[in-house]
Amino acid sequence: MFGTAQSGAHAYAKVGIETGVTAASPHKLIVMLFDGALLSVASALQLMKAGDITAKGLAITKAILIIDSGLRASLDKKVGGEIALNLDALYEYMSNQLLLANLKNDPGILEEVQKLLHALKDAWCAIDGEKNAFRQPESVPMPRAYDPLAPKISTLVKA
C-alpha cells in the first residue's frame, strides 16, 4: 500500500535533484553533469570489483550517456573554437575508453576516465571561482553611523 522505504528515499532524492536542476545556473548544471558522470564511473568501478557484470554495464552506460548527451552536447563549437573542439575530442575519447573498460572489464581504464573527469570538473569549478572572485558581494553591510548610546567594547583585561 505505501511502498518500501527505499522507493520513498529514491523519490525524495529525485525531487531534490529535479529542484536543483531547475534552480541551477548553466555553470552549475555542467558541474552537476560532471558529478553524475563521476558517480557513475565510481559505481562502475565498485560493481566491476564486486563482479556484478550487469550493474557495471548499466553504470558505464549511464556515464557514457552523461558525457555524450550532457557534456558533449552542451558544447558550442562555433563559439567555443579550439577549446570546444578539444573538449569534444576528449569527451569522445572518454566515451570510447568507457566502452573499452566495459568490454575488457578493466578497472584501470575506468580510473583513467575518472581522473580526466575530476581534472575537467576542477578546471570548470575554478573558472566559476575566478568569476565570483571579481563579483561584489550581493549584500554588503553598511557601516553604522556613530551611536553614542551603543555599548562600548571593553578594553579591560580580566585577571
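Here are some notes on this predicted model, going from the overall fold to a few individual residues.

1. **Overall picture.** The chain has five helices and zero strands, so read from the N terminus it simply goes α-α-α-α-α. Of its 159 residues, 25% count as buried. If you look at contacts between residues at least 6 apart in sequence, 62% of them join residues at least 24 apart.

2. **The main core.** Which residues have the most contacts inside the largest nonpolar core? They are Ile67, Tyr91, Leu98, Leu110 and Leu117, and the core itself has 26 residues. Four helices give two or more residues to this core: α2 (26-50), α3 (53-72), α4 (77-104) and α5 (107-133). The largest share comes from α2, with nine residues.

3. **Helix α2.** This helix has 25 residues, which should span 36 Å at 1.5 Å a residue, and its end C-alpha atoms are indeed 36 Å apart. Its buried residues are His27, Ile30, Val31, Phe34, Ala37, Leu38, Ser40, Val41, Ala44, Leu45, Leu47 and Met48. A fair bit of that list follows a helical rhythm: an α-helix has 3.6 residues a turn, so residues three or four places apart point the same way. After α2 comes Gly51, with a positive phi near 85°.

4. **Helix α3.** With 20 residues, α3 reaches 27 Å from its first C-alpha to its last, close to the 28 Å expected at 1.5 Å a residue. The buried set here is Lys56, Gly57, Ala59, Ile60, Ala63, Ile64, Ile66, Ile67, Gly70 and Leu71.

5. **How α3 packs on α4.** The two axes come within 10 Å and cross at roughly 170°. Because angles over 145 degrees count as roughly antiparallel, α3 is roughly antiparallel to α4. On the α3 side, the contact is made by Lys56, Gly57, Ile60, Ala63, Ile64, Ile67, Asp68, Leu71 and Arg72. On the α4 side you'll find Asp88, Tyr91, Glu92, Met94, Ser95, Leu98, Leu99 and Asn102.

6. **Lys56, a lysine to click on.** Is Lys56 buried or exposed? This α3 residue is buried, with a relative accessible area of 2%, and the cut-off for buried is under 20%. Its side chain makes a polar contact of 2.9 Å with the side chain of Asn102. Not counting residues up to four places away in sequence, Lys56 touches Ala44, Leu47, Met48, Asn102 and Asn105. Ser43 is 13 residues from Lys56 in sequence, with the two C-alpha atoms 7.4 Å apart.

7. **Asn105 and the α4-α5 loop.** Asn105 sits in the loop between α4 and α5. Its phi is positive, about 55°, although it is not a glycine. With a relative accessible area of 32%, Asn105 is partly exposed. Lys56 is one of the residues in touch with Asn105, and Leu100 is another.

8. **Gln97 and Leu100 in α4.** Gln97 belongs to α4 and is buried, at 13% relative accessible area. A 3.1 Å polar contact joins its side chain to that of Glu112. Leaving aside neighbours within four places, Gln97 is in contact with Ile109, Glu112 and Val113. Leu100, also found in α4, counts as partly exposed at 30% relative accessibility. Leaving aside its own neighbours within four places, Leu100 is in contact with Asn105 and Ile109. Leu100 and Leu110 are 10 residues apart along the chain, and their C-alpha atoms are separated by 9.2 Å.

9. **Two leucines, Leu117 and Leu120.** What does Leu117 touch, not counting residues up to four places away in sequence? Phe34, Ala37, Leu38, Val41, Ile67, Leu71 and Met94. Leu120 lies in α5 and is buried, with a relative accessible area of 16%. By the same count, Leu120 touches Phe34, Leu87, Leu90, Tyr91 and Met94. Leu87 and Leu120 are 33 residues apart in sequence and 9.3 Å apart in space, C-alpha to C-alpha.

Conventions
Residues numbered from 1 in each chain as written. Predicted model: local features only at pLDDT ≥ 70, side-chain atom pairs only at ≥ 80, totals over all residues. Heavy atoms only, no water. Core = buried A, V, L, I, M, F, W, Y, C linked by side-chain atoms within 4.5 Å. Buried < 20%, exposed > 50% of the residue type's maximum accessible area, 1.4 Å probe, protein only. Contact = heavy atoms within 4.5 Å. Expected span 1.5 Å × (residues − 1). Polar contact = N/O pair within 3.5 Å; in protein donor to acceptor, adjacent residues only side chain to side chain. Axes fitted to C-alpha atoms, helices over the stretch in contact; angles between N-to-C directions. Parallel < 35°, antiparallel > 145°, perpendicular 65-115°, else oblique.
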